[in-house]
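The exercises below ask the reader to work through a structure one topic at a time, each with a solution in steps. Please keep the sequence and the model open while reading.

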Amino acid sequence: MSPADTSTTAAARWPWLPAFLSEERIAWVFVAKTVLAMYVTCWLAMLFQLEQPATAMITVAIVMHPQSGMVLAKSFYRALGTFAGSLFGLVLMSLFPQQRELFLLSLSLWVAACAGGATLYRNFAAYGFVLAGYTAAIVTLPAVSNPLNVFDSAVMRVSEVMLGIIVSGVVSDVILPERLRPLLRRSAREHFAHFIDFARGSTGGTIPRSEMEKAHLRFVRAAVQLEDLRSSVIFEDPEARARSSRMRLLNQRYMSASTSFQSAHHLINRLQRGGRGNVAAALIALYAPIGEALSPDPVQQQDPAVLAPRLQACEDVLPPLAARLRAELRADAWLEFDTGAGLLRRFCSEMRDFTALEASLREGKLKGSVEIVRFSRGNDVLGASVSVLRTFLTMSVLSVFWLSSGWSYGSSAMLLATIFSGLFAASAFPMLAVTNTLAGYVAGMVGGYFVTFYALPGGDGFAMLVVATLPFLLIGPYLTTRNHTLPGVGAGYTLGYVYILALKNPMVYDPTRFLNDAIAQVVGIGMTAVFFVFVPAVTGSPWQRRRQLAQLRRQVVLAANAPLPGLLYSFESVNRDLVQQVVTYTRPDTDESRSLLAWALSVHECGRAVIELRQDIARSGMPLSVIGPVQDAVHAIGALYAQPRAECWRRADTAVARAIDITTDHLAQSPSTCQAALTHLYLLRSALRDDESAMAPYIQAGQGTESPHAA
Amino acid sequence: MLHDLIPNEIALADALVPGLLLVFFGSLLALWAVDTLVGRFGLYRFVWHPPLFRLALFVCMFGAAGLLLFP
């Protein structure tokens, strides 16, 4: 029987087998690479006579990841953090060589500040902060009773970490690399196809709100995921790095296009609900050419190189068609129609830019330079300060305990506490993570005990060391590949095992030291857990979600007040980042998630309209007497989102209505600018009065108190 | 001679740093520059194993620079 036959019969008999085998293959490739990198590091560290080969091995254990781009990105930030931390450790030691109290106080402050930085940043930049914090501790704590040693300690530490980083980078990148770039490319294409299909499929005009919310969530996830991947892939692939600014711009265009798309559809939905079916029908008719442009032959439907010229051609079709459709409507519907037509034109041109850029990226030839944009993140400073407080408390309590008790292994405990309070500062379920890690750590130390006192003493030479330590070492990386079911256990196991082995040349066998150190390390992790109970983690808590929602609303305030240059970009990306952060910890189909989505959509629509309106003002040619009321309307909208109340809603509604009146009066005077401003104002008013949006409660309350006699 | 350019040990803020370390960082910078250029034109597509090629390139650059400066 040929090999192919065996696999098909196996597949028929055990359908889960092929998937299981491929998963196991990836897992074991990772285990083999990790173990190989660890032993190479250990061997080199002994060859170079570094003080603690274990540190270098731990670096490998921490840095290794199944995907090589992740390893390189993590290594990069780890190197930066290590340098910053060692430098700070040196400075601190030279400032307070004799004053232990002051020294520990400033060290606690530094570690706490770094933990705060770690919660503020996403991705591996956060990890760099953690490193900067605990490297300072690692460098200085062992030398605390002998300050003159601190420089050597710092040099050793940096050398060990760098060795670990270099070896793991080389091993993961060169031996059977699992690339991140295909993943990025695949998900980018998937998101592109989904967006195009969705835009084409909604030619009919109305999309139910639930459908729109689902699509919105998907757009948000896509934007954030692409940015996350991009920031790691650039370390792995020089070609991706050369395209990095284009990928950012692509993401930006994707976000703008999806916002315009949603605004247009919300407007059509509202017109239909409000009994303006004929206007909605005209807008749907205007949408038809875009839908057509997006539907070439089925095989080419997701090919940007085909779509881009079609959209370009469509842009020329839209204005005459709009003029014809407008002429068929009654004059009182013109404003509504113009608003929708403006949105559709904007959507069409944004789609053209988006597809053209995607086409040029797929083509592979980079011509000229592109506009540099940044993906801004939404950060919560108060949330970060909670983890600063927690880390500071952990550190200072341990320091006080250490100083007053004269515990000789106190530095070990402090070290572990530092590492883990930093590592888990940004985690959503730190208690679970700490308990899992602690369990893994203890298991690793038990394994380490047997290896140290039964297996190692009998061996001689590096080969025997490998033979003695390998069986227990394999468990750690293998558990790491099971991270989705047992988060943290694998990492804890590897750390505990390698730390307690403390491989040295020559090896030291001292059961008393071993047990004392083990106890101190467990106490250190335990203290971290205790302080997570006292000062609970912020990430994912309802408190933080409320704050993030408020921050999301404040985005509109920002849109109304912040300086215009670059505002649109940061508005779009921060919005997505915030929504993504809140959504991650919100259970779907609850009142909370519905309210979040309603606000997200409303912030998106109004914020964008406000920014467009401010751009209209900034453009020259608008009469001075119009600028004042339009500014008032912009500020009133900002005030409404700052404090959503019926009273503010009424004020905003009045201000927008007044601005519309005044702009209409001046329409003849300067038609071009006033026309644009008018459509944006109308969009704002219709968004404000949308009784299915987040504004609904304020509208009812506002109408109830405003004019009882009008009802 | 070339090896007079960089002494064996360099004092950075009174800390002695091996001169070879600077060469190492210099080679990393050079590799970064080459990567940028190659990435711009997508030339790594013509290479069988790009990471291995990059590593080999780095070893060559570092080795050549090191041997030139510290014979």
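Helices (H or I, at least four residues) and strands (E, at least two) are taken here as DSSP runs, numbered from the N terminus. This is a predicted model, in which local features need pLDDT of at least 70 and side-chain atom pairs count only at pLDDT 80 or more, whereas totals for chains, interfaces and linings use all residues. Residues are numbered from 1 along each chain as its sequence is written, chains are lettered from A and ligands numbered from 1 in the order in which they are written, and side-chain values use heavy atoms, with hydrogens and water left out.

**Exercise 1. Describe the secondary structure and burial of the two chains.**

Step 1. Chain A contains 27 helices and zero strands, and its C-alpha atoms fill a box of roughly 95 × 75 × 45 Å along the principal axes.

Step 2. Chain B has two helices and two strands, which follow the order β-β-α-α from the N terminus on.

Step 3. For burial, the terms are buried (under 20% relative accessible area), exposed (over 50%) and partly exposed (in between), with a 1.4 Å probe and protein chains only. On that basis 57% of the 711 residues of chain A count as buried, and for the 71 residues of chain B the value is 28%.

**Exercise 2. Locate the nonpolar surface patch and assign its residues to elements.**

Step 1. Patches are made of residues with over 30% relative accessible area and no salt bridge, like charges being joined within 9 Å and nonpolar side chains (Val, Leu, Ile, Met, Phe, Trp, Tyr) within 5 Å; the accessible areas come from the Shrake-Rupley method with a 1.4 Å probe, and for residues only the protein chains shown count as cover.

Step 2. A:Val442, A:Val446, A:Phe450, A:Tyr454, A:Phe472 and A:Ile475 make a nonpolar patch of about 540 Å².

Step 3. At least two residues of the patch come from each of helix H17 (430–455) and helix H18 (461–480) of chain A, and H17(A) gives the largest share, four residues.

Step 4. A:Val442 lies in helix H17 of chain A and is partly exposed, its relative accessible area being 35%.

**Exercise 3. Characterise the two largest cavities and their linings.**

Step 1. On a 1 Å grid over the protein atoms alone, a cavity is a set of points where a 1.4 Å probe fits but cannot get out, and its lining residues have an atom within 4 Å of a point. Grid points are joined across faces, edges and corners, and a volume is the space filled by probe spheres set on the points.

Step 2. Searching the whole structure gives seven cavities of 30 Å³ or more, and the largest has a volume of about 90 Å³.

Step 3. Of the 13 residues that line the largest cavity, A:Ile58, A:Ile62, A:Tyr134, A:Ile419 and A:Tyr499 lie nearest its centre. Two or more lining residues come from each of helix H3 (53–63), helix H6 (123–140), helix H16 (410–423) and helix H19 (489–501) of chain A, with the largest share, four residues, from H3(A).

Step 4. The second largest cavity holds about 70 Å³ of space, and its lining includes A:Arg209, A:His266, A:Glu605 and A:Asp690. Helix H11 (244–273) and helix H23 (591–618) of chain A each give two or more residues to this lining, and the largest share, four residues, comes from H23(A).

**Exercise 4. Which salt bridge involves A:Asp690, and which parts of the chain does it tie together?**

Step 1. A salt bridge is a side-chain nitrogen of Lys or Arg within 4 Å of a carboxyl oxygen of Asp or Glu, and the structure holds 28 of them over all chains.

Step 2. A:Asp690 pairs with A:Arg273, the closest N and O atoms being 2.6 Å apart. Because A:Arg273 lies in helix H11 of chain A and A:Asp690 in the loop between helix H26 (671–688) and helix H27 (696–706), the pair ties together parts that are 417 residues apart in sequence.

Step 3. A:Asp690 is buried, with a relative accessible area of 3%, whereas A:Arg273 is partly exposed at 37%.

**Exercise 5. Examine a salt bridge within one helix.**

Step 1. The side chains of A:Arg651 and A:Glu647 meet in a salt bridge of 2.7 Å, N to O.

Step 2. Both residues belong to helix H25 (residues 646–665) of chain A, and because they are four residues apart, about one helical turn separates them.

Step 3. A:Arg651 counts as partly exposed at 49% relative accessibility, and A:Glu647 is also partly exposed, at 39%.

Technical notes:
On a 1 Å grid over the protein atoms alone, a cavity is a set of points where a 1.4 Å probe fits but cannot get out, and a pocket is an open set with protein on both sides within 12 Å along at least five of seven lines; lining residues have an atom within 4 Å of a point.
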